[in-house]
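Trainee: Could you take me through one part of this protein slowly, step by step? I would like to see how a helix sits among its neighbours.

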Amino acid sequence: RDVPDDISLLTASLRPLNLRGFQPWDKFCDAVKSALNNPMAPKDSKGVLVALRPVPGLRVEQLLTLCKTNRMGDFVTLGNNRLMLFLSYCRINDLEIALRHIFPLPVGDIISNRVVWFEDNDIAAELTQMRTIPETDWQSPISPQDNTPSPVNAEHSGRVWRRVPVPLALLQPGAEGQN
Ligand code: C2E
Ligand code: C2E
């Protein structure tokens, strides 16, 4: 195994992958593989791989519009009607916190099924499964021309999700004095 012999090599291998956001299925698999192969990251601490299936009525492409990865090294793909998310270096105990930063709603409200892998061997085994998914089952993000309305009333500012306020009239014009 190579031992880095200078500080720039060492810092380069500790830095999370220079990748963030949506990746095609094969690129996602390659990136998870290189995260697993990082000799400087401790065993079973490379990150967390999460598979999410949306609740009925929500397409996986719509779920992607709600998945805003902020941190470099956090990346996502779509295939086989699942959204796959890899969170570099995230500790398993911090998964809920990370998901809260990434999605605008509690994931329980938009996800019907969640599977999580965080040990090296389990991630590697799932990666082998993922490589068997044919290209016909890979899915792409909704194109920017597609005017499908957002499934939730929230916008991402580039850093955090914010609910979009909806004006609400408590009294309708002409309603005063009635009742
Ligand atoms: P980054 O790691 O790519 O994260 C980009 C942005 O994602 C951050 O912008 C922040 O808005 C959000 N973010 C990422 N991880 C977390 C987290 O664990 N908790 C929270 N609450 N937000 C998170 P920000 O804060 O402007 O940071 C810009 C860059 O500065 C980060 O890019 C990272 O490279 C570095 N950085 C900032 N704070 C820390 C830190 O406490 N530790 C480390 N290692 N790096 C930091
Ligand atoms: P951590 O990476 O050890 O970060 C610990 C705390 O440092 C974070 O607590 C946050 O207060 C601060 N911090 C770290 N990086 C950044 C940054 O880039 N920007 C800002 N503004 N603050 C930062 P927090 O937010 O409660 O997160 C706790 C843990 O949850 C993190 O531990 C990390 O393991 C995980 N996590 C949270 N958000 C993300 C995320 O967006 N991506 C990943 N991969 N992990 C995350």
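Mentor: Happily; here is a close look at one helix, followed by the parts connected with it. Please keep in mind that this is a predicted model.

Let's begin with helix α6, which has twelve residues. From its first C-alpha to its last, α6 reaches 16 Å, close to the 16 Å expected at 1.5 Å a residue. Now look at which side chains are hidden. The buried residues of α6 are Asp120, Ile123, Glu126, Leu127 and Met130. Around the axis they cover an arc of only 130°, which puts them on the same side of α6. Turn the helix over, and on the face away from that buried side you will find the exposed residues Asn121 and Thr128.

What do the buried residues of α6 pack against? Their partners are α2, β2, β3, β4 and β5. In residue numbers, β2 is 47–54, β3 is 74–79 and β4 is 82–88, while β5 covers 111–117.

One of those partners, α2, is a helix too, so let's treat it in the way we treated α6. Helix α2 runs over residues 25–36, which makes twelve residues, and at 1.5 Å a residue these should span 16 Å. The end C-alpha atoms of α2 are 17 Å apart, which agrees. Its buried residues are Trp25, Phe28, Cys29, Ala31, Val32, Ala35 and Leu36. Seen down the axis of α2, they fall within an arc of 165°, so they line one face of the helix. Those buried residues pack against α6, and also against β2, β3, β4 and β6 (138–139).

Let's return to Asp120, because it is worth a second look: this residue is in helix α6 and is buried, as is Lys46. Asp120 forms a salt bridge with Lys46, the closest N and O atoms being 2.8 Å apart. This pair links distant parts of the chain, since Lys46 sits in the loop between α2 and β2, 74 residues from Asp120. Side chains of opposite charge can pair in this way when their charged atoms come close.

The loop that holds Lys46 has another pair to show you. Asp44 is also placed between α2 and β2, and its side chain meets that of Lys43 in a salt bridge (3.3 Å, N to O). Asp44 has a relative accessible area of 27%, so it counts as partly exposed. Lys43, at 63%, is exposed. Asp44 has a further feature: its phi is near 60°, a positive value in a residue other than glycine.

Strand β5, another partner of α6, takes part in a salt bridge as well. Arg114 in β5 pairs with Glu96, the closest N and O atoms being 2.9 Å apart. Glu96 belongs to helix α4, 18 residues away from Arg114. Arg114 is partly exposed, with a relative accessible area of 32%, and Glu96 is partly exposed too, at 40%. A search of the whole structure finds seven salt bridges, including the ones described here.

To finish, look at β4, which both helices pack against. In the loop between β4 and α4 lies Tyr89. The phi of Tyr89 is near 60°, a positive value in a residue other than glycine. Its relative accessibility is 28%, so Tyr89 counts as partly exposed.

How values were computed. Residues numbered from 1 in each chain as written. Chains lettered and ligands numbered in written order. Predicted model: local features only at pLDDT ≥ 70, side-chain atom pairs only at ≥ 80, totals over all residues. Heavy atoms only, no water. Helix = DSSP H or I, 4+ residues; strand = E, 2+ residues; numbered from the N terminus. Expected span 1.5 Å × (residues − 1). Buried < 20%, exposed > 50% of the residue type's maximum accessible area, 1.4 Å probe, protein only. Arc of directions from axis to C-beta. Contact = heavy atoms within 4.5 Å. Salt bridge = Lys/Arg side-chain N within 4 Å of Asp/Glu carboxyl O.
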